[in-house]
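Hi,

Here is the structure I promised to pass on. Have a look at it first, and my notes follow below.

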Amino acid sequence: MTDKYAPQAEHWTETAYADPAGYLAHRAELVVSLGPRLEPGERVLDLACGDGGLAAFLPADYVGVDASPEMVAAARLRSVDAELADLNEYEPPEPVAATLCFRAIYYARDRRAFFEHVAGYTEKKFVFDLNPRQYRVGDVRADLEAAGFDRLELRPFLVPQTLALPRPLRTLAIALERNALARALLQARFTYVCAAFRGTKT
Ligand SMILES: C[S@@+](CC[C@H](N)C(=O)[O-])C[C@H]1O[C@@H](n2cnc3c(N)ncnc32)[C@H](O)[C@@H]1O
């Protein structure tokens with residue numbers, strides 16, 4: 001299942017993203033700010049972390065997990081703390097403030113069971129991306145609620161993955177994410193970043 005990533009592992013971040021710093025810095029901003037705020041130094045677990053390229057942009061105590069030995073080796077070469085494990089089974093030794101899962105939610109064997117597993121060790125929020133043309137947001141929300149994540153914040157992510165935008169255009173794209181028009185764009189392209197968390201229901 002992860003064999004296809006082996007040849008790409010060594011240069012994953014540099015080849016998967018046209019503008020790695022612009023793309024990953026914005027992803028990190030949303031990891032921090034969407035849903036309950038992540039505070040500096042809090043523990044973050046990044047499931048299917050790839051080469052852990054996101055770690056450098058997060059002011060967090062970061063650990064990555066990936067099922068590809070080559071990706072884990074590439075992460076360690078970047079001095080990123082990474083472990084070899086399947087996201088469906090991995091359980092951190094201590095609860096974490098936030099769990100992340102980017103471009104990998106489809107590796108959950110049973111999505112509802114996976115969300116329940118994540119909810120068991122995640123204190124603050126679970127942040128992941130979602131292609132609404134691939135999954136119905138309502139179905140995902142129902143699975144999150146069943147796992148105890150009764151609140152969900154969604155933000156269109158309009159920084160392109162395979163096209164490097166000049167800074168003013170990237171700034172404009174990010175500003176557009178809060179505009180109602182952004183949701184229309186998602187019918188054709190782009191993904192949501194989602195933060196799932198527990199509300200204050202009594
Ligand atoms: C498209 S890459 C995304 C990597 C990184 N999250 C990013 O956004 O750049 C998918 C990653 O999922 C990993 N993966 C695939 N199945 C997995 C599983 N069952 N458990 C953990 N990692 C898995 C692959 O090895 C690969 O590194």
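Which backbone atom of Ala67 lies 3.2 Å from a nitrogen atom of the ligand? It's a backbone N or O atom, a polar contact (a pair of N or O atoms within 3.5 Å). The protein buries 96% of the 600 Å² that the ligand exposes when taken alone (accessible areas by the Shrake-Rupley method with a 1.4 Å probe).

Before you go on: this is a predicted model, where local features need pLDDT of at least 70, side-chain atom pairs count only at pLDDT 80 or more, and totals for chains, interfaces and linings use all residues. Residues are numbered from 1 along each chain as its sequence is written, and side-chain values use heavy atoms, with hydrogens and water left out.

Back to the ligand. Two side chains reach its oxygen atoms: a polar atom of Asp66 at 2.6 Å, and an N or O atom of Arg27 at 3.0 Å. There are 19 residues around the ligand, and Tyr17, Ala48, Asp66, Leu87 and Phe102 come nearest (near means a heavy atom within 4 Å). By type, the shell has 11 nonpolar residues, four polar and four charged (Asp, Glu, Lys and Arg count as charged; Gly is among the polar ones; Ala, Val, Leu, Ile, Met, Phe, Trp, Tyr, Cys and Pro are nonpolar).

Elsewhere, you'll find 10 salt bridges (a side-chain nitrogen of Lys or Arg within 4 Å of a carboxyl oxygen of Asp or Glu). One of them joins Asp19 and Arg170, with the closest N and O atoms 3.6 Å apart. That pair links distant parts of the chain, 151 residues apart.

Cheers

Terms used
Polar contact = N/O pair within 3.5 Å; in protein donor to acceptor, adjacent residues only side chain to side chain. Helix = DSSP H or I, 4+ residues; strand = E, 2+ residues; numbered from the N terminus.
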